[in-house]
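Trainee: Hi, have you got a few minutes to go through a structure with me? I'd like to talk about how the chains are arranged.
Mentor: Sure, put it up and ask away.

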There are 4 protein chains.
Amino acid sequence: MQRESETNRLEAFSDGVMAVVITIMAFNVKSPAGATLTDLHRVAPELLVYVLSFAMIGIYWNNHHHLLRATERLDGAVMWANLHLLFWLSLMPLVTAWIGRYPVHALPAACYGVVGLGCAIAYWVLVRRIISANGENSVVARAIGKDFKGNISLVCYLVGTGIAFVAPLASYGIYASVAVMWFVPDRRLAPSPEAEPGAG
Amino acid sequence: MQRESETNRLEAFSDGVMAVVITIMAFNVKSPAGATLTDLHRVAPELLVYVLSFAMIGIYWNNHHHLLRATERLDGAVMWANLHLLFWLSLMPLVTAWIGRYPVHALPAACYGVVGLGCAIAYWVLVRRIISANGENSVVARAIGKDFKGNISLVCYLVGTGIAFVAPLASYGIYASVAVMWFVPDRRLAPSPEAEPGAG
Amino acid sequence: MQRESETNRLEAFSDGVMAVVITIMAFNVKSPAGATLTDLHRVAPELLVYVLSFAMIGIYWNNHHHLLRATERLDGAVMWANLHLLFWLSLMPLVTAWIGRYPVHALPAACYGVVGLGCAIAYWVLVRRIISANGENSVVARAIGKDFKGNISLVCYLVGTGIAFVAPLASYGIYASVAVMWFVPDRRLAPSPEAEPGAG
Amino acid sequence: MQRESETNRLEAFSDGVMAVVITIMAFNVKSPAGATLTDLHRVAPELLVYVLSFAMIGIYWNNHHHLLRATERLDGAVMWANLHLLFWLSLMPLVTAWIGRYPVHALPAACYGVVGLGCAIAYWVLVRRIISANGENSVVARAIGKDFKGNISLVCYLVGTGIAFVAPLASYGIYASVAVMWFVPDRRLAPSPEAEPGAG
């Protein structure tokens, strides 16, 4: 019950922000300025970018959900680490709209990578804060383990941001591959950990 | 309790997205560009389209609510199937705004049908994933049965999309009739299934 | 527990819609087109209208909250009655933006009254559906009683809509007085009814 | 359980409004009107202001969360006091957009201070209403104590609003220092008070 009431509101607020971020991004894709195939074709880059950004937010929601289900205790530092993650996620509609309009330019593609990197670092920090609040032997700590995927993501966004300056389209490929990698939710956290709170 | 905490967050996030989708669609209807009856008349198509789209989102919310109340177990595949449904629902404001502005054109009417079809397929997939996670003998599996309405919806959207190319207004009639058909919530799931978890 | 899980999602979805409606209305008030007092002055009508609409949504949220806390059972009809209320509430940003831009014109003022009337009727229907689902002797039925305020509101919006055609500003006074009347939450429902579920 | 169901919906609605306020503010930062560094540079003031406003909303969310976790009873006055706080918070996107566009002007900077002051007063009133509903000897009353930070905030916003008329940039410094001061959540409320409901 305690756990419930502690984590519930953190989840509810995070869900609220992520739900609005997704819907605002879709809303940012302006409806075509005519009723012909050419008009529809013109919004294609924006739609494709929206699919990528939707996948990214969806992945964060999914991982966030699994992470908090394994979490037993929160403290002030976890609260701030979570807000920090929401801050970076809330910048997604901005960079999504920007690369939707300038899909073959270097700077927007690089900034998308910077925001992606910010999200990944913020998530990494959140995981550390949660482990620190729950102890190194807690369910969540043992479940996370070495966090291979988290480290790979950081490197990918860093590389993608750099490559954006020479080949913007290639950087989208790298960002998309991060999304694909995360697509399968963390097997580490998926099996209901509540069922074995004290298991070794 | 387990069921509660598992399904609650899925419901909360889905509710968040659907609540914002509804409000964004209403917000998309621009306030009339003057204070005369003619100005009000000019936004009439957008208002009518909003009523149709509101009904569709409302129906999905209602069915989603009844579906998840009968659900006992979730797994990763259900999570993704749900996000997939939210993706299609999040495109509703875009196509709603488009046909609001080009109500008698073929392509916007057809795209509305495509998004409606996407929603219907995604809901169908979600139902399959939930049944697969809960077992063929679960409350939800027996409650869904042959899913007559779901199959009819798929056919209607397919037909509506095709007809849009020759008679856009007729396709709206087909989309509206899908809404009317779903208006009555699934009798199959309505009687509180928690009251009879093991009933045959 | 049953009651909890039944009403919780209805409340959560309604809260989501009302929260977004409020924020979208505030967002609709464009930031002044300059940095002088004159520029600030120009958005004054929009700000005043926002205060009125915020009060109305706040009152609905408050009454909705008290109503559902006294509710023990929901059925399909309650679901649809609630969606119907949300539909009318979702039109508030549209009419709010309209009268914010045309504050001394008849038609926008009358349409604001029509939407207010739609909300009031929808709330009245919702109350009837809830009483019908809970029985004439339920806590909520006895608590609502004759619903004096509800009936007064309907009459006020009707009168306000009519008066708007001859004196728009007077109609705002009537709409505002409805808000003031509702400001005190229903004493009938306020004392925690869960504490006396079978009390006469 | 009673406490849960009473405070849960107040929290959920407040979370909804704050989540949308944050996302709308981010959405208000228009994506750059080009793909060069100069274009990015032009949105820098808006981004910086967004960071400040995000921090403010985040702090209110955090303190609100800690405040309500220590709260055992709500009444009608608490409901209205909470809506009053949400009203002022909902004006944040408006003033944020305004100073983002006119960052070196007096009036927008002063209005930002007025809205900040409104939020601070509304939070102060909410705390008083909650203490009044829970009794002077309640957990929340003893936890709040003299509310040193709350009083400091009021003075800072008052001073900042005044200084805005002579040195707008200096007033931002004062607003930011309020944010920094609140950054650490109330130590008074942080240690889980549920664990010691009757402790002296």
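Trainee: What turn and shift lay chain D on chain A?
Mentor: Keep in mind that this is a predicted model. In it, a turn of 90° with a shift of 0.0 Å along the axis lays chain D on chain A, and the RMSD is 0.0 Å. The two copies are thus related as by a four-fold rotation axis.

Trainee: Nice. Which C-alpha of chain D is nearest the axis?
Mentor: That of D:Gly16, which is 4.2 Å from the axis.

Trainee: And do the copies use different surfaces or recurring ones?
Mentor: Different surfaces: 12% of the contact residues of chain D recur in chain A.

Trainee: Let's switch to the contacts. How many residues of chain D are in contact with chain A?
Mentor: On the chain D side there are 26, and they meet 25 residues of chain A.

Trainee: Which helix of chain D gives the most to that side?
Mentor: Helix 1, with eleven residues. Helix 1 (2–28), helix 2 (37–42) and helix 3 (44–69) each supply at least two residues there.

Trainee: How do the residues on that side of chain D divide by type?
Mentor: The side that touches chain A has 15 nonpolar residues, seven polar and four charged.

Trainee: Back to symmetry, what rotation superposes chain B on chain A?
Mentor: One of 90°, with 0.0 Å of shift along its axis and an RMSD of 0.0 Å. In chain B, B:Gly16 comes closest to the rotation axis, with its C-alpha at 4.2 Å. Here too the copies use different surfaces, as 12% of the contact residues of chain B recur in chain A.

Notes. Residues are numbered from 1 along each chain as its sequence is written. Chains are lettered from A and ligands numbered from 1 in the order in which they are written. This is a predicted model: local features need pLDDT of at least 70, side-chain atom pairs count only at pLDDT 80 or more; totals for chains, interfaces and linings use all residues. Copies are superposed by least squares on the C-alpha atoms of residues with pLDDT of at least 70 in both. Two residues are in contact if their C-beta atoms, placed from the backbone, lie within 7 Å. Helices (H or I, at least four residues) and strands (E, at least two) are DSSP runs, numbered from the N terminus. Ala, Val, Leu, Ile, Met, Phe, Trp, Tyr, Cys and Pro count as nonpolar, Asp, Glu, Lys and Arg as charged, and the others, Gly among them, as polar.
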